[in-house]
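Thanks for asking me to look this one over. Here are my notes, in numbered points, with the structure first so that you can follow along.

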Amino acid sequence: MGEHHVSEQANEEQLQSFMRALLDDVEALERLLQEDRIESGVRRIGAEQEMFLVDRALRPAPLALEVLARAADDRLTTELARFNLEANLTPLPFGGDCLRRLEAELSDVVGRAAEAARAVGADVLLAGILPTLRTGDLRLESLTPAPRYHELNRALLELRQGHFRVSIHGLDELEMTHDNILLESCNTSFQVHLQVGALEFAPLYNLAQAVTAPVLAAAVNSPLLLGQRLWHETRIALFESSVDTRPSAREVRQHKPRVHFGDGWVQGGALELFREDIARFRVIMTAETGEPPLSVLARGEVPELKALRLHNGTVYRWNRPCYGVSGGVAHLRIESRALPAGPTILDEVANAAFFFGLMSGLAAEHPRIDLEMPFEDAKANFFAAARHGLKAQLTWTCGRSFPAPELILSHLLPAARGGLAAAGIDAADIDRYLGVIEERVRRGQTGAQWALGSLASMAGQGTSELQCRALCAAMLARQQEEARSGGAGRPVHTWEPAALEADRDLLRDSYRTVGQFMSTDLFTVRPTDIVDFAASVMDWRHVRHVPVEDDQGRLVGVVSHRALLRLVARGVAAAPNGSGPPTVASIMRTDPVTIAPETPTLEAMRIMREQRVGCLPVVAGERLVGIVTERDLLDVSATLLEAFLREA
């Protein structure tokens, strides 16, 4: 979003003043374009690396400010959450050894961040979505304490007029609401930039829209969110939900979300996109904009267009137009935002090389991709790639449909090789980076597929928490191996599946709170259900306690096996008023002892002993989110004791 000095909760007068500045910036950009003062004939590439900070247990570590203070590196900056960092890399001329230099700088800046993180008991992990993230990590106290982030949270919630809703269906399903914007912080990306000229912006932007899908299909690395297996690149679905500011009334009116792919090919260049986004999306943040841009132009200088850039930073196209000034010269860039972070730096640069190669190699072959492919196909391809990765079916020019691997291997990789060669990229680097893509596609092992395959190999072993941590441990070990080897590490297509760790201390860290091992696949009953139904559920599922929920999902009681036995002992066959069979409401305990997901395990054990209860429903607010039983605690104790005795 950049280092803008954002105004907090702007009043109407400030909003009007900022809108005036925004319109002035658009007029100034139009003048720059008319006077041919946008840099052309130059290709530069750049990138932004987002990353997670994790603690020893491989859980999110909210230590960004401490890490930044120790690293003292101007390339590093904050992100939305205190457990995220971002690195902005040096722009490079597109040619020669630029890809190798990009990889070297990435390794350097991530290494500096990791060194600073280790000094405060944390580490850096590159992952599209951190597998060990849980809802409790997304409280407002995890928001980075900077005015622009708090104002963004306030403004988006005000526009939303309620909580954010997430509904993602994959192998599993995730349906939830959340009361702040920190769902966005679950995503980390590797964003790449390509500088283009003003006159070529429209055809190259359209080409970027078309090639994003096959590049993404080969790059997917985010299959898990909050313990659920969803899309191969779940970031796409999550980001579109996490900053969706549309109230329900506007959803009915087909208003567009702030995160979007677009709805048609661009005809009028970057100005068309900027104008559309200003017209469609309300200003949500303001800042001091300085001298009017037309005055700067009148002196023969180039304006910064601060208002335009700030507003552009709050609209999240997957391919976003960007305006910038470098060395007193204005330029335009296409920012590709769809690629995930990780699973290694080599994998990331290979993804970038594929994108840059296609942009270079297909520009001559498809100078007007908008005339060869319906936009609907490009958009459908994008979401198919995000959902299915290399298992997606993609439609290319002339309406021909291909399995993603066939399209990539037979058509697009040769074009990318030709494009990189035409740009003067060193031949050895072309072989190195596109070779990674080729082998990844041939073996069918993206980062997402590796994670899903690892989970399948661990099925039935340990808890979901332990399995997710095993994924993080394996990723971190390979990323550290890459760092130690000076970039000679192993890309993801060579990785063996992750395995569960047996280390006693690591196991202990996985059972510190009840939220780490509680049962979440719950069978519940309602107060009006007949007792026979509750008894049947307990018999079928071999459980001794069944939570009772109302129609809004609120916990209102618990039915125990002991209560059923008492009912049988009394010989009660009908409800007390004789109106029919007894209902759950007549035998449930209406004031069950409950705990929260963050309750320490030892505290839960103490409560069970003192209250003499065999189960503890776990609630967040009034919502039932899990249950801990005596059997669960026995399993935890047995696991830890076994690890202790084996080690002893």
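1. A word on terms before we start: two residues are in contact when they have heavy atoms within 4.5 Å. By that rule Asn187 touches Glu50, Gly128, Ile129, Arg235, Leu238 and Phe239, leaving out residues up to four places away in sequence. Asn187 sits in the loop between strand E8 (173–178) and strand E9 (190–196). With a relative accessible area of 11%, Asn187 is buried, because buried means under 20%.

2. Please keep in mind that this is a predicted model. The average pLDDT of the chain is 91, and 94% of the residues score at least 70. Residues 249–254 deserve some care: pLDDT stays under 50 there, and the model has six contacts beyond four places in sequence for this stretch. Where pLDDT is low, the predicted coordinates should not be read in detail.

3. Next, a pair of helices. The axes of helix H11 (residues 345–365) and helix H15 (residues 427–443) come within 8 Å and cross at roughly 100 degrees. That makes H11 roughly perpendicular to H15, since angles from 65 to 115 degrees count as such. On the H11 side the contact involves Leu346, Asp347, Val349, Ala350, Asn351, Ala353 and Phe354, which meet Arg432, Tyr433, Leu434, Val436, Ile437 and Arg440 in H15. The residues of this contact between H11 and H15 comprise nine nonpolar, one polar and three charged.

4. On to the aromatic rings, where the count comes to 13 aromatic pairs. One of them joins Phe201 and Tyr205: the ring centres are 5.6 Å apart and the planes lie at 15 degrees, so the pair is stacked. Phe201 and Tyr205 are four residues apart in helix H5 (residues 201–219), which puts about one helical turn between them. Both Phe201 and Tyr205 are buried.

5. Ring pairs also build a cluster, linking Phe239, Phe261, Trp265, Tyr316, Trp318, Phe375, Phe382 and Phe383. You have already met Phe239, among the residues that Asn187 touches.

6. Is Leu157 buried, exposed or partly exposed? At 21% relative accessibility, Leu157 counts as partly exposed, because the buried class ends at 20%. Leu157 is found in helix H4 (residues 147–160). Beyond its neighbours within four places in sequence, Leu157 is in contact with Gly162, Phe164, Asp179 and Asn180. Leu157 and Asn180 are 23 residues apart in sequence, with 7.1 Å between their C-alpha atoms.

How values were computed. Residues are numbered from 1 along each chain as its sequence is written. This is a predicted model: local features need pLDDT of at least 70, side-chain atom pairs count only at pLDDT 80 or more; totals for chains, interfaces and linings use all residues. Side-chain values use heavy atoms; hydrogens and water are left out. Axes are lines fitted to C-alpha atoms, for helices over the stretch in contact, and angles run from 0 to 180 degrees between N-to-C directions. Helices (H or I, at least four residues) and strands (E, at least two) are DSSP runs, numbered from the N terminus. Angles under 35 degrees count as roughly parallel, over 145 as roughly antiparallel, 65 to 115 as roughly perpendicular and the rest as oblique. Ala, Val, Leu, Ile, Met, Phe, Trp, Tyr, Cys and Pro count as nonpolar, Asp, Glu, Lys and Arg as charged, and the others, Gly among them, as polar. pLDDT is the predictor's confidence in each residue, from 0 to 100. Rings of Phe, Tyr and Trp (its six-membered ring) pair if their centres lie within 6.5 Å; planes under 30 degrees apart count as stacked, over 60 as edge-to-face and the rest as tilted. Buried means under 20% relative accessible area, exposed over 50%, partly exposed in between (1.4 Å probe, protein chains only).
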